[in-house]
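User: I have a model open and would like to go through it with you piece by piece. Could you set out the terms as we go?

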Amino acid sequence: MGDKHVVRFEPVGIEIEADEEQTILRAAAEQGVMLMHGCKEGQCASCKSFILDGEDVEHDRYSTFALPDFEKEEGFTLLCRAHAYEDLTIELLNYDEEMIHSGLPIQQAVAEVVSNERVTHDMRHLVVRLVEPTDLKFFPGQYVDFSVPGTGETRSFSMANTSSREGGLLEFVIKIYPGGLFSGFLDTEVAVGDRLEISGPFGVFTLRDAPDAPLVFVGGGAGMAPILALLRSMAERGIDRKTTFYYGARGRRDLCFDEELTALEEKLPGFRYVPALSESGDDDGWTGETGLITDVVRRLEGDLTGIDAYVCGPPPMVEAALELLPQLGVADKRVFYDKFTTTAEGTTP
């Protein structure tokens with residue numbers, strides 16, 4: 001380990017110690033401070049902050065779309081890629097007071113594959129059982145990092161279940177990408193009984209406490225996983241907030257968990273599931289909504305002032321939703337999102 005330095009976060013007045021070999025985000029997470037973040041790969045800009053005091057900061061590789069050179073020169077930083085080499089004071093530009101002190105300890109774990117089944121032509125439902133330790137505490141909507149054997153790389157995926165208390169199980173919905181580092185491994189090599197190394201939990205895509213606020217979920221692809229976790233949690237906890245889940249897919253073969261989601265309409269009286277197909281063919285026999293999912297939301301929803309919105313899926317869908325929802329009245333600070341990246345092939349990261 002390297003030398004440690006004090007990092008102070010304003011305007012919340014929280015201090016942590018960050019080892020030079022750790023990113024500031026990782027150091028905060030290990031000390032129970034849950035900072036806003038998404039991809040941890042320097043691509044989504046969720047953790048972008050501003051350095052108020054201190055200059056000796058080095059960054060791991062990141063996308064200049066997330067942090068353009070002129071912003072870096074002005075003092076902006078990505079906490080998921082930044083290493084402190086002196087004491088720093090950092091202004092958090094995006095933080096959630098409900099979440100910041102709610103961090104759970106990051107654990108390293110070994111898990112055994114229980115099943116690896118197709119749920120669509122290009123998505124897998126992976127179920128693993130924790131071996132050591134046998135329980136991993138996480139909030140519904142969070143994710144873990146999987147180590148890719150033999151590469152030194154990790155990839156991030158959201159849990160679809162609500163806890164590992166029942167049998168130490170974790171569920172994931174993972175899209176298979178051509179040439180994907182982890183998804184290719186999952187598609188061609190992973191078998192029942194194999195053991196995988198994971199670490200976590202990470203992520204802030206969790207249900208905020210706002211009992212009077214209706215909910216709108218907008219998802220696509222493997223964004224099904226964290227939203228399904230939130231809906232399952234609501235059913236378990238008897239949360240009866242008015243909720244609509246808009247899920248976008250290309251064709252009927254891209255839909256999954258339809259039966260469970262339809263059944264949730266019975267368990268959650270205020271819940272409505274609205275799948276939509278953007279490329280419905282004549283042979284689909286589809287009578288539901290059609291078009292891009294954001295267009296469907298625009299068509300079916302009116303004024304969304306006062307609601308909480310949760311968005312998770314491919315970047316183009318997320319970007320379109322983030323543009324649309326404020327137009328419909330959703331306050332910026334009440335839009336919570338995970339934007340998947342192809343580098344991470346999974347959750348935001």
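Analyst: Helices (H or I, at least four residues) and strands (E, at least two) are DSSP runs, numbered from the N terminus. This is a predicted model, in which local features need pLDDT of at least 70 and side-chain atom pairs count only at pLDDT 80 or more, while totals for chains, interfaces and linings use all residues. Residues are numbered from 1 along each chain as its sequence is written, and side-chain values use heavy atoms, with hydrogens and water left out.

User: Okay, which loop holds Pro-133, and what is the peptide bond from Glu-132 like?

Analyst: Pro-133 sits in the loop between E9 and E10, and the peptide bond that leads to Pro-133 from Glu-132 is cis, with omega near -5°. Another cis bond joins Glu-10 and Pro-11, with omega of about 5°, and Pro-11 belongs to the loop between strand E1 (4-10) and E2. As background, most peptide bonds are trans, and most residues other than glycine have a negative phi.

User: Then which residues other than glycine have a positive phi here?

Analyst: Among them are Ala-45, with a phi of about 70°, and Phe-257, with a phi near 60°. Ala-45 is in the loop between helix H1 (24-30) and E3, and Phe-257 is in the loop between E15 and H5. Ala-45 is partly exposed at 27% relative accessible area, whereas Phe-257 counts as buried at 16%; buried means under 20% relative accessible area, exposed over 50%, and partly exposed in between, with a 1.4 Å probe and protein chains only.

User: Switching to sheets: what is the order of the six-stranded one?

Analyst: The six strands form an open sheet in the order E11-E10-E13-E8-E9-E12, with antiparallel pairing, where two strands pair if DSSP finds at least two bridges between them. Strand E11 (153-158) and strand E12 (169-175) are at the edges with a single partner strand each, so one side of each has no neighbour in the sheet. From one strand to the next the twist averages 40°. E9 (residues 123-132) and E12 run antiparallel and are joined by seven bridges, and Leu-126 has Phe-172 in E12 as its bridge partner.

User: Which helix packs on that sheet, and at what angle to E11?

Analyst: Helix H3 (residues 181-188) does, touching strand E8 (107-120), E9, strand E10 (143-148), E11, E12 and strand E13 (195-202), and its direction makes about 75° with that of E11. Such angles run from 0 to 180 degrees between N-to-C directions, with axes as lines fitted to C-alpha atoms, for helices over the stretch in contact; contact means heavy atoms within 4.5 Å.

User: Does a record say what this region is, and where does it place it?

Analyst: UniProt, in an unreviewed entry, places the feature "domain: FAD-binding FR-type" at residues 106-208; its positions are given in the numbering used here, feature names are shortened, and annotations may be inferred rather than shown by experiment. Over residues 106-208 the chain is 8% helix and 50% strand, with the end C-alpha atoms 21 Å apart.

User: And the largest nonpolar core, how many residues and which elements supply it?

Analyst: The largest nonpolar core, meaning a set of buried Ala, Val, Leu, Ile, Met, Phe, Trp, Tyr and Cys residues joined through side-chain atoms within 4.5 Å, has 31 residues, and those with the most contacts inside it include Phe-217, Met-224 and Phe-271. At least two core residues come from each of strand E14 (215-220), helix H4 (224-237), strand E15 (243-249), helix H5 (258-267), strand E16 (271-277) and strand E18 (308-313). H4 gives the most, with seven residues.

User: How many residues of E15 are buried?

Analyst: Seven of the seven residues of E15 are buried. On one side these are Thr-243, Phe-245, Tyr-247 and Ala-249, and on the other Thr-244, Tyr-246 and Gly-248, so that both faces of E15 are covered. E14 and E15 run parallel and are joined by six bridges, with Gly-219 partnered by Tyr-247 in E15.

User: Last topic, how many disulfides are there?

Analyst: A search of the whole structure finds zero, a disulfide being a pair of cysteine sulfur atoms within 2.5 Å. For Cys-256 the nearest cysteine sulfur, that of Cys-312, is 13 Å away, and Cys-256 is buried at 4% relative accessibility. Cys-312 is buried as well, at 0%.
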